[in-house]
Amino acid sequence: MKTCLAIGLMSGSSLDGLDLAAVRFTSNQRHYTYHIEAAETLPYPEVWHNRLTDAYNHTPQELEPLDKEYGTYLGRQAKAFIEKHGLQPDFVASHGHTVFHKPEQHYTLQIGDGQALADACGFTVVNDFRTEDVVKGGQGAPLVPIGDRLLFANYDICLNIGGIANLSYEHDGRRIAYDVCIANQALNWLAQREGLAYDKDGQLARQGQVDPLLLEALNDNGFYRQSPPKSLGREFFETYQKRLLEPHGTTEALATFVEHVAMQIAATVEALPQGKMLVTGGGALNGYLIERIGQHTRHQVVVPDRMTIDYKEALIFALLGLLRMEGQTNVLCSVTGAPTDSCSGKIWHPHPLSQ
């Protein structure tokens with residue numbers, strides 16, 4: 001029986017903030033259990049929120065210094081978190097922040113330079129979990145399904161609703177997983193038009209009327225007819241859905257987009273045997289969205305405890321780091337479409353002078 005303490009860092013596409021989770025893993029012949037010893041979400045200061053939002057428009061030359069500065073920022077937050085909770089982690093595993101995700105062009109970029117992060121926090125860092133799979137010809141996403149398989153096997157379907165909604169499940173001994181649709185990226189953007197960070201509990205959406213023509217336009221996209229593996233990036237929202245939503249009033253657009261998300265999730269799991277569907281991510285706290293999903297699907301929708309809702313992705317990135325350190329598979333070709341599984345991620349050690 002082996003144990004280790006890992007820090008998982010996650011920054012989602014909805015820019016809610018930086019999630020940090022300190023996770024104690026116990027493993028015995030590829031059977032893993034976990035305990036979250038401490039966890040926090042740090043909202044981004046306005047300057048970082050704006051810089052990360054605008055990163056999509058940067059040139060490669062502009063992104064290089066941003067990559068290093070953001071890595072230093074992540075490292076400093078990790079160090080403060082570690083010191084605050086009196087931790088002595090074996091390593092820090094960081095997802096980084098996705099700026100570009102274009103697997104069809106064999107390209108993906110999550111900024112947050114690993115060496116800068118390691119130097120700033122003083123601990124070994126594992127990052128860049130997507131690139132190897134994308135270079136192989138895979139989607140580089142989703143990455144969470146290996147954690148769903150190893151840590152949440154008692155649920156038939158694992159659904160995460162963050163900036164993007166994605167799910168995973170077992171089928172004939174293979175883990176199947178893919179992105180379903182844009183979720184909080186759009187819902188948060190609409191709420192921010194009203195000066196709100198997000199639509200708490202779906203209160204604004206509940207007040208709105210669904211626009212049938214807008215709903216039809218949102219649902220009528222070739223992505224939804226593609227067979228998995230498939231994945232989405234911010235480009236999908238920025239170049240397509242934002243244009244559809246802009247002319248509409250906020251409550252109307254929110255109500256319609258919630259319906260769109262619920263319909264796409266339900267359609268995706270319709271053919272699966274009836275079972276329990278675990279819902280995590282920020283969208284699990286949107287009561288109206290959960291209601292609409294429940295109305296559209298025959299599966300039992302299970303919303304777990306708040307710690308699991310908020311920190312499941314940070315927890316699983318800590319697990320991805322552990323698997324990388326152990327030399328075990330942490331990216332499944334059955335979900336990404338790559339020709340082979342991967343033990344993916346780059347390992348960085350702090351320079352002696354940085355400590």
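User: In this predicted model, is the crossing of α2 and α3 left-handed or right-handed?
Analyst: Helix α2 spans residues 60–84 and helix α3 spans residues 114–121, and their axes are 7 Å apart. The angle at which the two helices pack is about 30°. For this pair of helices, the crossing is right-handed.

User: Are α2 and α3 roughly parallel or oblique to each other?
Analyst: The packing angle of α2 and α3 is about 30°. Angles under 35 degrees count as roughly parallel. The relation of α2 to α3 is therefore roughly parallel.

User: How do the residues of the contact of α2 with α3 divide into nonpolar, polar and charged, and which residues make the contact?
Analyst: From α2, the contact draws on Lys 68, Gly 71, Thr 72, Leu 74, Gly 75, Arg 76, Ala 78 and Lys 79. From α3, the contributing residues are Ala 116, Leu 117, Ala 120 and Cys 121. By class, the residues of this contact are six nonpolar, three polar and three charged.

User: Why is α3 described as largely enclosed by the rest of the structure, and against which elements do its buried residues pack?
Analyst: Helix α3 is largely enclosed because seven of its eight residues are buried. Those buried residues are Gly 114, Gln 115, Ala 116, Leu 117, Ala 118, Ala 120 and Cys 121. The elements they pack against are β1 (2–11), α2, β4 (91–94), β7 (125–127) and β13 (346–348).

User: Is Leu 52 buried or exposed, and which residues does it touch?
Analyst: Leu 52 is part of helix α1, residues 46–54. Its relative accessibility is 5%, so Leu 52 counts as buried. Leaving out residues up to four places away in sequence, Leu 52 touches Leu 15, Tyr 44, Tyr 70, His 97 and Ile 111.

User: What separates the C-alpha atoms of Leu 52 and Leu 15?
Analyst: Leu 15 is among the residues touched by Leu 52. Along the chain, Leu 52 and Leu 15 are 37 residues apart. Their C-alpha atoms are separated by 8.1 Å.

User: Which helix gives the most to the largest nonpolar core?
Analyst: The largest nonpolar core has 46 residues, of which Leu 245, Ile 265 and Ile 293 touch the most other members. Eight residues of this core come from one helix, residues 250–269, which gives the most. That helix is α10.

User: How many residues are in the second, separate core?
Analyst: This core is separate from the largest one. Among its members are Ile 146, Ala 314, Leu 320 and Val 331. The second core has 37 residues.

User: Which residues of α11 are buried, and which residues does Ile 293 touch?
Analyst: In α11, residues 287–296, the buried residues are Tyr 288, Leu 289, Ile 290 and Ile 293. The buried residues of α11 pack against β8 (157–161), α7 (203–207), α10, β11 (276–280) and β12 (300–302). With residues up to four places away in sequence not counted, Ile 293 touches Leu 159, Ile 161, Ala 262, Ile 265, Met 277 and Val 301.

User: Is α6 oblique or roughly parallel to α9, and which residues make the contact?
Analyst: The axes of α6 and α9 cross at roughly 45° and come within 10 Å. That angle makes α6 oblique to α9. The crossing is right-handed. The contact is made by Gln 185, Ala 186, Trp 189 and Leu 190 of α6 and by Arg 234, Phe 237, Lys 242 and Leu 245 of α9.

User: Where are Pro 142 and Pro 229 found, and what is omega for the cis peptide bond of each?
Analyst: Pro 142 is in the loop between α4 (131–136) and α5 (145–151), whereas Pro 229 is in the loop between α8 (212–219) and α9 (234–245). A cis peptide bond joins Ala 141 and Pro 142, with omega about -10°. Another cis peptide bond joins Pro 228 and Pro 229, with omega about 5°.

User: Is Asp 172 buried or exposed?
Analyst: Asp 172 is placed in the loop between β9 (164–171) and β10 (174–182). Although it is not a glycine, Asp 172 has a positive phi of about 55°. Its relative accessibility is 69%, so Asp 172 counts as exposed.

How values were computed: Residues are numbered from 1 along each chain as its sequence is written. This is a predicted model: local features need pLDDT of at least 70, side-chain atom pairs count only at pLDDT 80 or more; totals for chains, interfaces and linings use all residues. Side-chain values use heavy atoms; hydrogens and water are left out. Axes are lines fitted to C-alpha atoms, for helices over the stretch in contact, and angles run from 0 to 180 degrees between N-to-C directions. Helices (H or I, at least four residues) and strands (E, at least two) are DSSP runs, numbered from the N terminus. Angles under 35 degrees count as roughly parallel, over 145 as roughly antiparallel, 65 to 115 as roughly perpendicular and the rest as oblique. A crossing is left-handed if the near helix is turned anticlockwise from the far one by less than a right angle, and right-handed if clockwise. Contact means heavy atoms within 4.5 Å. Ala, Val, Leu, Ile, Met, Phe, Trp, Tyr, Cys and Pro count as nonpolar, Asp, Glu, Lys and Arg as charged, and the others, Gly among them, as polar. Buried means under 20% relative accessible area, exposed over 50%, partly exposed in between (1.4 Å probe, protein chains only). A nonpolar core is a set of buried Ala, Val, Leu, Ile, Met, Phe, Trp, Tyr and Cys residues joined through side-chain atoms within 4.5 Å.
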